[in-house]
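Please find below a colleague's note on the structure under review. The points are numbered and may be read separately.

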Amino acid sequence: MDYSELVRAVQEGDEATANRMCSEALPILKKYLIANLNASPEDAEDAVQKMFEYVIQKIRRGEIKNPGGILSYMLTGSRHAYLKAMRDTELEEFDELISEPVSGPDQIQNLINQEQIDILKRCMEQLDGPYRSMCEFILRNPSADSEDLAEHFDITINNAWIRKHRVIKRLSECAKNYL
């Protein structure tokens with residue numbers, strides 16, 4: 001369809017023809033935004049209305065030099081109006097985030113720690129009995145060294161070191177599967 005008639009109607013003050021042409025162009029421009037930019041119908045309509053406000057002012061000021069290319073101009077204008085509206089919406093959302101009170105940094109660390117604890121529990125359940133009891137002992141006594149393990153489990157220091165290493169290695173491999 002030739003929308004150069006819209007340019008002529010606006011320049012001559014023929015509001016009835018201008019309104020008709022805008023009404024005919026509206027669904028085409030909306031479909032363009034919905035199809036190409038994944039706009040919602042409401043956002044697309046808002047963008048097209050903004051574009052018409054802009055384009056009609058440009059026509060009245062005589063800034064449209066090629067009336068035959070007005071459809072391309074309206075498509076581009078609608079696209080820009082939509083993208084600008086989306087950008088402004090995102091900026092408003094960021095402003096809201098900035099003004100909202102922020103929880104302490106511990107909140108994220110607590111979530112991470114809880115997730116790590118859950119993974120550790122799952123991995124401990126997969127350990128054999130003696131390894132599980134050694135792991136539980138190590139967790140209850142984090143500063144325990146090989147001598148403490150040897151004394152508690154009635155094994156040699158060398159054996160305690162090897163078992164502790166195996167427990168840590170198995171837990172590490174298991175945790176990697178969950179991360």
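The points below concern a predicted model and take up its helices, core and pocket in turn.

1. Geometry of H3. Helix H3 covers residues 41-60. At 1.5 Å a residue, a span of 28 Å is expected for its 20 residues, and the C-alpha atoms at the two ends of H3 are 28 Å apart, in agreement with that value.

2. The two faces of H3. Buried positions in H3 are Ala44, Ala47, Val48, Met51, Phe52, Val55, Ile56, Lys58 and Ile59. They lie on the same side of H3, because the arc they cover around the axis is only 165°. Note that a charged residue, Lys58, is included in this buried set. The exposed residues Glu42, Lys50, Glu53 and Arg60 are carried on the face of H3 turned away from the buried side.

3. After H3. Gly62 follows H3 and has a positive phi, near 75°.

4. Nonpolar core. The largest nonpolar core has 26 residues, of which Phe52, Ile70 and Met74 touch the most other members. At least two residues of this core come from each of helix H1 (4-12), helix H2 (15-37), H3 and H4. H3 provides the largest share, eight residues. Phe52 thus appears both among the buried residues of H3 and among the core residues with the most contacts to other members.

5. Largest pocket. The volume of the largest pocket is about 160 Å³. Helix H3 and helix H4 (70-99) are the elements that give two or more residues to its lining. The lining consists of Asp46, Ala47, Lys50, Met51, Tyr54, Gly77, Ala81, Lys84, Ala85 and Asp88. By character, five of the lining residues are nonpolar, one is polar and four are charged. Ala47 and Met51 are buried residues of H3, whereas Lys50 is exposed; each of these three residues lines the pocket.

6. Arg20. This residue belongs to helix H2. Is Arg20 buried, exposed or partly exposed? Its relative accessible area is 37%, so Arg20 is partly exposed. Along the chain, Arg20 and Leu6 are 14 residues apart, and their C-alpha atoms are separated by 8.8 Å.

7. Helix H8. Residues 157-178 form helix H8; at 1.5 Å a residue, its 22 residues should span 32 Å, which agrees with the 32 Å between its end C-alpha atoms. Ala160, Val167, Leu171 and Cys174 are the buried residues of H8. These residues cover an arc of only 70° around the axis, and therefore sit on the same side of H8. Asn158, Lys176 and Asn177 are exposed on the other side of H8.

Conventions
Residues numbered from 1 in each chain as written. Predicted model: local features only at pLDDT ≥ 70, side-chain atom pairs only at ≥ 80, totals over all residues. Heavy atoms only, no water. 1 Å grid on protein atoms, 1.4 Å probe; cavity = no way out; pocket = protein on both sides within 12 Å on 5 of 7 lines; lining within 4 Å. Points joined across faces, edges and corners; volume = space filled by probe spheres on them. Helix = DSSP H or I, 4+ residues; strand = E, 2+ residues; numbered from the N terminus. Expected span 1.5 Å × (residues − 1). Buried < 20%, exposed > 50% of the residue type's maximum accessible area, 1.4 Å probe, protein only. Arc of directions from axis to C-beta. Core = buried A, V, L, I, M, F, W, Y, C linked by side-chain atoms within 4.5 Å.
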